[in-house]
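Q: Could you take a close look at the sheet in this model and explain, step by step, how its strands are arranged and what packs against them?

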Amino acid sequence: MSTPFFTPLLLAQADYAKPVSSLSPKYFELLEQNSHIIYPVLAILTLVIIAAGVLQAWRTQDLDGLQKNEFKRAIVNELRRNISGMPGDLLSKSVGLDRLKTNRLLEQMQQEGLVVSHTNSQRLTVWRVRGATPDAAPRRF
């Protein structure tokens with residue numbers, strides 16, 4: 001006993017065919033056939049993005065030009081107060097700047113010829129303004 005209501009439903013199920021794209025997806029085949037190329041490229045791209053992020057963060061921690069000049073002026077004024085020179089740690093505390101940034105500024109100032117440095121017997125690098133004290137004349141024995 002079949003009813004006329006179920007007959008079209010059975011006919012529709014018999015004629016149904018799955019789409020071709022669901023049986024053989026091209027993107028899975030592409031990944032499987034070229035995995036030796038795709039995955040290393042993705043790894044290298046990830047490393048490049050991470051390196052770019054690290055470099056960008058490193059650059060943003062640097063001082064801008066106006067701040068750098070203000071701190072250089074403060075360093076020179078502090079070194080003029082202490083003519084015999086100051087170690088970098090004390091100088092960074094008196095200026096109010098991080099020790100590493102202060103040392104970086106002092107090295108730039110030394111390259112520019114504004115300050116000179118020497119290492120004392122306690123292995124401290126002492127910085128002083130160039131020309132503040134006369135350099136020792138060579139001794140003749």
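A: What follows is a walk through the sheet, strand by strand, and then to the helices beside it.

Since this is a predicted model, each statement below describes the prediction. The sheet is open and has three strands, which come in the order E1-E3-E2 and pair in the antiparallel sense. Strand E1, residues 86-87, and strand E2, residues 115-119, stand at the edges with a single partner strand each, so one side of each of them is left without a neighbour in the sheet.

It helps to take the two pairings in turn, beginning with E2 and E3. Strand E3 covers residues 125-129, and five bridges join it to E2, the two strands running antiparallel. Particular residues can be matched across this pairing: histidine 118 stands opposite valine 126 in E3, while threonine 119 stands opposite threonine 125 in E3. Together E2 and E3 form a hairpin, with five residues lying between the two strands. In that turn you can find arginine 123, whose phi is positive, at about 60°.

The other pairing joins E1 and E3, which are also antiparallel and are held together in the sheet over two bridges. Here proline 87 stands opposite valine 126 in E3, and valine 126 is also the residue that histidine 118 faces, so that order E1-E3-E2 can be followed at this position from one edge strand to the other.

Next come the helices that pack on this sheet. Helix H5, made of residues 65-81, touches E1, E2 and E3, and its direction makes about 95° with that of E3. Helix H7, made of residues 99-112, also packs on the sheet, where it touches E2 and E3, and its direction makes about 115° with that of E2.

How enclosed, finally, is strand E3 by the rest of the structure? A residue is called buried when its relative accessible area is under 20%. Four of the five residues of E3 are buried by this cut-off, and therefore the strand is largely enclosed by the rest of the structure. When you turn the model, it may help to begin at E3, which stands between E1 and E2 in the strand order, and then to look for H5, which touches E1, E2 and E3, and for H7, which touches E2 and E3.

Definitions and conventions: Residues numbered from 1 in each chain as written. Predicted model: local features only at pLDDT ≥ 70, side-chain atom pairs only at ≥ 80, totals over all residues. Heavy atoms only, no water. Pairing = 2+ DSSP bridges. Contact = heavy atoms within 4.5 Å. Axes fitted to C-alpha atoms, helices over the stretch in contact; angles between N-to-C directions. Buried < 20%, exposed > 50% of the residue type's maximum accessible area, 1.4 Å probe, protein only.
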